[in-house]
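This report walks through one protein structure step by step, from its interior to its surface. Please keep the sequence and the 3D view at hand while reading.

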Amino acid sequence: MTHSSESKLSGIAWLAGGRLFVQRSGQPPREIESQFARETLERRQRSQNLHGWKGRSGVWGQMGMAPPSMEQWDADGPPQQQIRICALTRGQQGHELFYVLDCGQVGGLFQYDLERDYEIRLMHREGFVSADLSKHPETGDVAIALRRGNGTSGVTIGENDGRFLQDITFSDGVDESPAWVLDGSRRIVFHSATWLRDQHGRARDKSTFRIELLDVAAKSVSTVLEEDGHDLLQPRMLADGTLFFIRRPHRPQKVQRSFWEELKEVLLFP
């Protein structure tokens, strides 16, 4: 998704395949590389080179010794996990970008100063998995959709640097794509769907996505718009109440179950 910046930036920034690109006025596009991501990948590679052979099968691994040549193991070694930028928004200053890095089990919030070409790590922690990020145009507070281990996700807000994150929505569903209303208020629009479960409590499908309005000060959530048979996604609301969103036909989602869940259902079949 493309995110326009203020006039001071005079350009655009966007994500493509987990990578961040910027194009400023009169200049060709260029990729912004995260120093934290590069150093993390380098550490992983060094650790793999030093210790990767220990976890591999074979007589050398069983004896606790390194094989004579590492090259013979490279083709069958575990794939190198890539680090990707999964959420992007502009800052209060036109030369600031904020983004979320997905490093696998660990994720973090980062700031990038385009004038200094400098990255600042604001916070990172285990289990920080997000695909959406928005900053308040005046206070700079962040609104993030954090994914939980049970298949749900909820809207979380925090201070400008990502500290003191507070979960705001707690539903048995998917609350994503939060965006502050552009009127200076403490209101957020987001899209939301509910998990549809069977009599055993197992998720089978999701409802259509509707657009919700969260009033942080009043601690209330109300439905702005929903349509039968259509998903309404990635809402943005201007100061005058004008609402923008993506509308698409609802696609039933078949939830993948594990082998053990399938086996249990077969064994318990009457």
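A nonpolar core, as the term is used here, is a set of buried Ala, Val, Leu, Ile, Met, Phe, Trp, Tyr and Cys residues that are joined through side-chain atoms within 4.5 Å. The model shown is a predicted one, and the values below are computed from it.

## The nonpolar cores

The largest nonpolar core has 16 residues, and among these Leu20, Leu97, Tyr99 and Leu101 touch the most other members. At least two residues of this core come from each of the following elements: strand E3 (19-24), helix H1 (35-51), strand E5 (84-90), strand E6 (96-102) and strand E7 (106-113). Of these elements, E6 gives the most, with three residues. There is also a second, separate core, which has 11 residues and includes Ala87, Phe128, Leu133 and Val142. As general background, nonpolar side chains in soluble globular proteins tend to be buried together.

## A sheet of four strands

Several of the strands just named return in a sheet. Four strands form an open sheet in the order E5-E6-E7-E8, and their pairing is antiparallel. At the edges of this sheet are E5 and strand E8 (118-126), each of which pairs on one side only. From one strand to the next, the twist averages 20 degrees.

How many bridges join E5 to E6? There are six of them, and the two strands run antiparallel. One example of a bridge pair is Arg84 with its partner Asp102 in E6, and the connection from E5 to E6 is a hairpin that passes through five residues. Although E5 is an edge strand, five of its seven residues are buried, so E5 is largely enclosed by the rest of the structure.

At the other end of the strand order, E7 and E8 pair in the antiparallel sense over eight bridges, and the bridge partner of Leu109 is Met123 in E8. Strand E7 also contains Gln111. Is Gln111 buried or exposed? With a relative accessible area of 12%, Gln111 is buried, because the cut-off for buried is under 20% relative accessible area. Gln111 and Val100 are 11 residues apart along the chain, and their C-alpha atoms are separated by 9.0 Å.

## Salt bridges

The model has 10 salt bridges in total. Three of them are listed here, with the separation given from N to O.

| Basic residue | Acidic residue | N to O separation |
|---|---|---|
| Arg197 | Asp172 | 2.7 Å |
| Arg187 | Asp183 | 2.7 Å |
| Arg248 | Asp231 | 3.5 Å |

The pair of Arg197 and Asp172 links distant parts of the chain, 25 residues apart: Arg197 is in strand E14 (residues 187-197), while Asp172 is in the loop between strand E12 (166-167) and strand E13 (173-180). Arg197 counts as partly exposed at 36% relative accessibility, and Asp172, also at 36%, counts as partly exposed.

In the pair of Arg187 and Asp183, Arg187 is partly exposed with a relative accessible area of 23%, and Asp183 counts as partly exposed at 31%.

What does the salt bridge between Asp231 and Arg248 tie together? Asp231 lies in strand E18 (residues 230-237) and Arg248 in strand E19, so the pair ties together parts that are 17 residues apart in sequence. Asp231 counts as buried at 2% relative accessibility, whereas Arg248 counts as partly exposed at 28%.

## A patch on the surface

Strand E19 (residues 243-249) also holds Phe244. Together with Leu182 and Leu238, Phe244 forms a nonpolar patch on the surface, and the three residues have about 270 Å² of accessible area together. Phe244 itself counts as partly exposed, at 47% relative accessibility.

## Two residues with positive phi

Most residues other than glycine have a negative phi. Against that background, two residues may be looked up in the 3D view. Ser177, which lies in strand E13, is not a glycine and has a positive phi, near 55 degrees. Gln234, whose place is in strand E18, likewise is not a glycine and has a positive phi of about 50 degrees. Which is the accessibility class of Ser177? At 2% relative accessibility, Ser177 counts as buried, whereas Gln234 is partly exposed, with a relative accessible area of 30%.

Definitions and conventions. Residues numbered from 1 in each chain as written. Predicted model: local features only at pLDDT ≥ 70, side-chain atom pairs only at ≥ 80, totals over all residues. Heavy atoms only, no water. Buried < 20%, exposed > 50% of the residue type's maximum accessible area, 1.4 Å probe, protein only. Pairing = 2+ DSSP bridges. Axes fitted to C-alpha atoms, helices over the stretch in contact; angles between N-to-C directions. Patch = residues over 30% accessible without salt bridge, like charges linked within 9 Å, V, L, I, M, F, W, Y side chains within 5 Å. Areas by Shrake-Rupley, 256 points an atom, 1.4 Å probe, with all protein chains shown as cover. Salt bridge = Lys/Arg side-chain N within 4 Å of Asp/Glu carboxyl O.
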